[in-house]
Amino acid sequence: MKRAALLLLSFFGPSLLHGATDLVFPWVTHNAQFRAKIVVNNLNAAPVTVLLRAVRADAADPAGAEQSVSWTLEPLEQRVSAAGDVFSDLAEGAGFSVFLSSSADNIDGAFVVSGTKADGLGDSPAQGNVVPVSEAGSLVLFNFLPTERDSEAASAAVLVNVGSRPAEVQFYAYQNGQRILSEQPVTVPAGRPFAVLTETLFPELSGDLYLVAATDQPLVGLAFLFNEAREPSMANARVIASLPDPDAPAGDPLTAGVSQFFIDQEIAGTMVSRRVTLVAPPVLEANPSYPVVFAFHGAGGSGDAFANNQHLNGLINSGAFVGVYPDGHADNGGNGGFWNLGTEPTSADDVAFVDAIVAKLGTIQGLDGSRRYALGISNGAGMVNLLGKSTAHFRAIAPLYSQQTVATGALEAPALVSVFQLNGDNDTLIPLNGGPSPVGEFMSAADSAQNWADAAACDSPPEEAVQTWGNATLDAFTYGGCRENHEVVYFVARNIGHSGFQNGEANSRMFAEIWAFFQSH
């Protein structure tokens with residue numbers, strides 16, 4: 001096995017622990033023992049331009065840390081090139097990830113890694129597909145990473161941090177019904193890959209196992225297997241909803257109708273039990289897998305009260321989704337709760353609270369953790385904006401009657417998110433044009449929407465339209481050409497203040513539009 005490990009150092013390089021894009025080639029090699037080809041397919045009937053950026057794990061790699069090149073592909077063209085030819089500034093050495101970005105849709109690709117045979121007679125290729133950044137996640141499963149001590153076979157895990165912050169990654173191995181924690185977490189810098197032999201992570205283990213990498217940043221993963229002739233095979237890792245726990249029950253059954261659970265959280269030195277109300281359809285499907293919609297109440301409200309919203313309940317009762325209604329917190333112990341955006345009378349870490357709710361939902365059967373959305377009203381909208389900029393929990397969000405605060409707008413979202421934003425032009429608490437208010441300092445509503453559109457790299461000015469919801473008139477702005485088919489829509493409701501629509505038909509239409517938007521993302 002020592003010889004196999006030495007051979008694989010040429011694959012991963014001498015150190016194993018060392019902008020937004022559309023697609024990721026997780027691991028490409030260029031050295032004497034492992035070669036790679038990059039494949040890009042233009043599925044369009046028009047020319048496209050793509051930017052390819054190669055990035056090594058070590059920003060100070062003496063063989064070269066990164067290089068960018070631009071390709072223009074003709075209609076329906078397939079471009080196949082050796083990695084060493086594409087990135088000629090990167091000398092032979094450790095492997096690297098390649099990020100592909102383009103303003104065009106319908107671009108796909110693959111990569112082929114070959115291990116040069118020891119007898120010099122040809123090579124053995126293995127093919128992998130590119131991974132959309134939208135498929136990244138904070139829990140990544142490697143289904144088969146054996147470590148065999150009595151042979152030269154080996155396995156390895158590759159992670160690419162596609163988030164905006166360094167990822168502190170904890171690895172868990174699962175073998176013989178047991179979960180084993182790696183000795184220490186690994187830091188993967190933002191926008192860079194990490195590759196490691198399974199035996200390096202878990203030197204005490206031997207035999208077949210599977211592996212989970214856990215962090216708070218979005219990751220893409222790739223598994224490698226090598227036989228005794230150091231010929232590679234590859235498989236993409238999968239994003240999962242919750243960390244497998246050998247001591248946990250199989251999962252709590254989903255309860256029809258209204259139920260509640262509590263999350264214990266330390267706030268200002270005191271342990272507080274925070275309530276979460278769950279509303280499911282009154283009659284459950286035989287094998288349910290419902291989308292999940294979080295709903296965050298306004299200042300001084302409660303999740304229990306928000307769970308009585310007739311418009312949301314109509315959608316839930318139709319079997320559309322399961323609603324999750326958390327309670328905010330007030331430091332004075334009052335009945336009304338708040339979401340902590342900086343000026344509210346609460347010391348709670350509400351992002352951590354939502355993290356805990358998401359983990360709890362992962363233990364409930366019948367919920368689809370890959371289809372998770374959030375809406376919020378007023379202070380709850382501010383919370384939804386903060387979550388969209390601080391976590392990768394939600395595919396789409398709908399902040400209602402509040403744009404981003406200046407502080408939230410300055411954050412970089414760890415993952416792509418689609419946004420449905422609605423403001424009233426007569427809002428005197430959170431003015432449409434932004435600025436200081438009694439509840440914080442806000443961006444203008446238009447700048448907030450533009451900030452979301454910039455984060456999604458939407459490549460065209462918003463299309464403008466006028467819509468009528470009941471007796472309400474709205475100006476609608478839709479940003480298109482966003483990465484990975486994401487979308488940002490922004491509505492200004494004419495003659496509407498902070499209390500929102502007073503017309504039932506307008507309110508019903510608003511929630512129906514939100515759900516249709518969520519369904520499309």
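This tour moves from one strand and its partners to the aromatic rings and the charges above them.

The model is predicted: local features require pLDDT of at least 70, side-chain atom pairs count only at pLDDT 80 or more, and totals for chains, interfaces and linings use all residues. Residues are numbered from 1 along each chain as its sequence is written, and side-chain values use heavy atoms, with hydrogens and water left out.

Select strand β10, residues 137–142 (strands are DSSP runs of E, at least two residues, numbered from the N terminus). Of its 6 residues, 5 are buried (under 20% relative accessible area, 1.4 Å probe, protein chains only). Add β16, residues 210–226, which pairs with β10 in the antiparallel sense over 5 bridges; pairing requires at least two DSSP bridges between the strands. Here L139 stands opposite A214. Next show β18, residues 238–239, antiparallel to β10 over 2 bridges, where R238 is the bridge partner of L141.

Turn now to the aromatic rings. The whole structure holds 19 aromatic pairs, counted for rings of Phe, Tyr and Trp (its six-membered ring) with centres within 6.5 Å. Select F87 and F96: their pair is edge-to-face (planes over 60 degrees apart), at 5.7 Å centre to centre and 80° between the planes. Both F87 and F96 are buried. The planes of F224 and F226 lie at 10° with centres 5.8 Å apart, so this pair is stacked (under 30 degrees). F224 is buried at 0% relative accessibility, and F226 is buried at 4%.

Then select Y401, F420, W469, F491, F501 and F517, which form one aromatic cluster.

Finish with R274, over the face of F353 at 3.7 Å from the ring centre, and K389, over the face of W452 at 5.0 Å. A charge sits over a ring if NZ of Lys or CZ of Arg is within 6 Å of the ring centre and within 35 degrees of the ring normal.

Notes: Buried means under 20% relative accessible area, exposed over 50%, partly exposed in between (1.4 Å probe, protein chains only). Helices (H or I, at least four residues) and strands (E, at least two) are DSSP runs, numbered from the N terminus.
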